[in-house]
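Here are a few exercises to work through with the model open beside you. Try each task before reading its solution.

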Amino acid sequence: MNDAEQFRTAVADEGDTLRLSAYGDLDLDAGGGLRDALGFCLACPVRRLVVDFSEVPFCDCAGLGVLMEARALAVRRNVSFELVGVQPRVAWLLSLTRTDVAFGLKDLAA
């Protein structure tokens, strides 16, 4: 994988909402970068965090673990955590592991 294809994130401030957009495959190697970005967002005084996965075609179990940790932290901090733009292969993983419900998503793999 070259530098142009590596996983990356971008954060946009939308008032009381932060939007974290992710780009690329989310695997074991990329998990640390996502964990750092989510930690940064959840350290901010925000009511809502939207995690946009519309440009994430693949997520493995390590990436899912990072998402679940961040969601749990958001719950503890009373921050709404929304996962949006979920692509088919990621939806399949969420459905298979039954974590789609934790993110308020259902019938993703249908």
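**Exercise 1: From a bridge to a crossover**

Asp52 has Val84 as its bridge partner in E4. This is a predicted model, and that pair is a good place to begin.

Task: Find the strand that holds Asp52, and work out which way it runs relative to E4.

Solution: Start with the residue: Asp52 lies in strand E3. Next, look at the pairing: E3 (residues 48–55) and E4 are joined by five bridges and run parallel. Another pair to look up is Arg48, which stands opposite Ser80 in E4. Finally, follow the chain from E3 to E4: the path goes through helix H2 (residues 61–76), and this β-α-β crossover is right-handed.

**Exercise 2: The setting of Asp52**

Task: Decide whether Asp52 is buried or exposed, and list what it touches.

Solution: Buried means under 20% relative accessible area. Asp52 has 16% relative accessibility, so it counts as buried. Leaving out residues up to four places away in sequence, Asp52 touches Arg19, Leu20, Ser21, Ala22, Val84 and Gly85. Its side chain also makes a polar contact, at 2.8 Å, with the side chain of Ser54.

**Exercise 3: The two faces of E4**

Task: Sort the residues of strand E4 (residues 80–84) into a covered and an uncovered face.

Solution: Begin with the general rule: side chains in a regular strand alternate between the two faces of the sheet. Now apply the sorting to E4: Phe81 and Leu83 are on the covered face, while Ser80, Glu82 and Val84 are on the uncovered one.

**Exercise 4: Assembling the sheet**

Task: Give the strand order of the sheet and describe how E1 and E2 are connected.

Solution: First take the pair E1 (residues 8–13) and E2 (residues 17–23), which are antiparallel over six bridges. Within this pair, Asp13 has Leu18 as its bridge partner in E2. The two strands form a hairpin with three residues between them, and Gly15 in the turn has a positive phi of about 85°. Now put the strands together: the sheet is open, has four strands in the order E1-E2-E3-E4, and its pairing is mixed. E1 and E4 are the edge strands, each pairing on one side only. From one strand to the next, the twist averages 20°.

**Exercise 5: A residue in a helix**

Task: Place Pro88 in its element and decide whether it is buried or exposed.

Solution: Pro88 belongs to helix H3 (residues 88–96). Its relative accessibility is 62%, so Pro88 counts as exposed.

Technical notes
Residues numbered from 1 in each chain as written. Predicted model: local features only at pLDDT ≥ 70, side-chain atom pairs only at ≥ 80, totals over all residues. Heavy atoms only, no water. Buried < 20%, exposed > 50% of the residue type's maximum accessible area, 1.4 Å probe, protein only. Pairing = 2+ DSSP bridges. Right-handed = clockwise from strand over helix to strand, strands pointing away. Polar contact = N/O pair within 3.5 Å; in protein donor to acceptor, adjacent residues only side chain to side chain. Contact = heavy atoms within 4.5 Å. Axes fitted to C-alpha atoms, helices over the stretch in contact; angles between N-to-C directions.
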